[in-house]
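Trainee: Before I use any of the terms in this annotation, could we go through how each one is justified?

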Amino acid sequence: MKLGIVGSRGMVGQVLMERMLQENDLKHFETTFFSTSNAGGEHPFSKISNVDPKLKDGNDVNELKKMDVIITCQGGDYTKAVYSNLRSQGFKGYWIDAASTLRMESDSTIILDPVNLDVIKKALKDGKTDFIGGNCTVSLMLLALGGLFKAGQIEWMTSMTYQAASGGGARHMNELLNQMKFFTDRVMATETNLSNKILEVEKNITGLMSDSAFPKENFGFPLAANLLPWIDADLENGQSKEEWKAMAEGNKILQSTKAIPIDGTCVRVSSLRCHAQALTIKLKKNIPLDEIEMMLAEHNPWAKVVANNKSDSLRYLTPQYASGKLEVPVGRLRKMYMGDDYLNAFTVGDQLLWGAAEPLRRMLHILLENNT
Ligand code: HSE
């Protein structure tokens, strides 16, 4: 199969390539790397056999058309600019995309194979060719709770998210660091023990957030020493687009016959890379906690049930622990005061792995299996 990879130098692209090299994925394909800014240039994978050593132009429909599969991490603007044109010029191959642009199109399938392999296989059988990665928090939540969804035991759910700067992209992560530096350079330049005047320091920091030199071009607001309770567009019904995705995408991924209500508040916090979520789950019936733990742990190899105690929670249920891992820790599992059919949970996962790159590279293997 001829594979075209677009956007391998961006942040999601780098994580994708790291995983593809770890798993030796390229050995199965004749691969061409595409770039929208450096056509004809070099790329770091030129020594690998069956890889075209030069970058091709990511906007060249005739070159793209030669591929059997295109995988893109180039972002939504690229998808908007190229996809329709490419299809109308006769591209019949598979389009695997990390961007959200095509996710909710009726011909698209959202890919999260540990949860919806049956849906993906059916789509392939039906001749579908667009396979799109899901929203990061939605994918991570479904992996963590796969066992309960599969058992059909979730009546409704609220999800309150704590989303890292990485969800915005590399420039956002860099801006968060610059915001932190902006404060510490100013309030800690001469001394680091400020506890005896901490209220004055806090006032100073809050004031610095309005300083005209404060770096906020990307977030638009301070994230360091702050949080931002709105992610993505305003749908003007009181909901953010990020919040809307939970139910819309979640049910599309599962192909639920009756939509499961999922709603909550999405919040950007100052963690760098991993997204976390606090979940309130209304179960259809009172299921004993040990059974729930077993269902979650057995559903897929990545969901890791964390014992609901202070030391394990602080050790394993954090962005610090989840960063760079495929594991999706899920814990704080307990029945709530509201009743035995109300379950509390907290989960965290790497936004760049299962939340973006991993489902894309796994889709390549599903295509290979489908072709043999
Ligand atoms: N929408 C996500 C976020 C990015 O802003 O955190 C990944 O889907």
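Mentor: What follows takes the ligand site, then some buried residues, then one helix.

Mentor: This is a predicted model, in which local features need pLDDT of at least 70 and side-chain atom pairs count only at pLDDT 80 or more, while totals for chains, interfaces and linings use all residues. Residues are numbered from 1 along each chain as its sequence is written, and side-chain values use heavy atoms, with hydrogens and water left out.

Trainee: Which residues surround the ligand?

Mentor: They are N135, C136, Q163, G167, I231, E242, R268, H275 and Q351, where a residue is near a molecule if one of its heavy atoms lies within 4 Å of it.

Trainee: What makes the pairing of Q163 with the ligand a polar contact?

Mentor: A polar contact is a pair of N or O atoms within 3.5 Å; within protein, one must be able to donate a hydrogen and the other to accept it, and residues adjacent in sequence count only if both atoms are side-chain atoms. An N or O atom in the Q163 side chain lies 2.9 Å from an oxygen atom of the ligand, so the pair meets the 3.5 Å limit. A polar backbone atom of G167 is 3.4 Å from an oxygen atom of the ligand, and a polar side-chain atom of E242 is 3.0 Å from a nitrogen atom of the ligand. Of the 260 Å² of accessible area that the ligand has on its own, the protein covers 84%, by the Shrake-Rupley method with a 1.4 Å probe.

Trainee: Why is D350 called buried?

Mentor: Buried means under 20% relative accessible area, exposed over 50%, and partly exposed in between, with a 1.4 Å probe and protein chains only. D350 has 2% relative accessibility and therefore counts as buried. This residue lies in strand β14 (residues 339–350), and its side chain is joined to that of R273 by a polar contact of 2.8 Å. Strands (E, at least two residues) and helices (H or I, at least four) are DSSP runs, numbered from the N terminus.

Trainee: What about L145, buried or exposed?

Mentor: L145 has a relative accessible area of 0%, so it is buried; its place is in the loop between α5 (136–144) and α6 (146–150).

Trainee: How do you know that the length of α13 fits a helix?

Mentor: The expected span is 1.5 Å times one less than the number of residues. For the 19 residues of α13 (residues 353–371) that gives 27 Å, and the end C-alpha atoms are 26 Å apart, which agrees.

Trainee: Why is α13 described as largely enclosed?

Mentor: Because 14 of its 19 residues are buried, α13 is largely enclosed by the rest of the structure.
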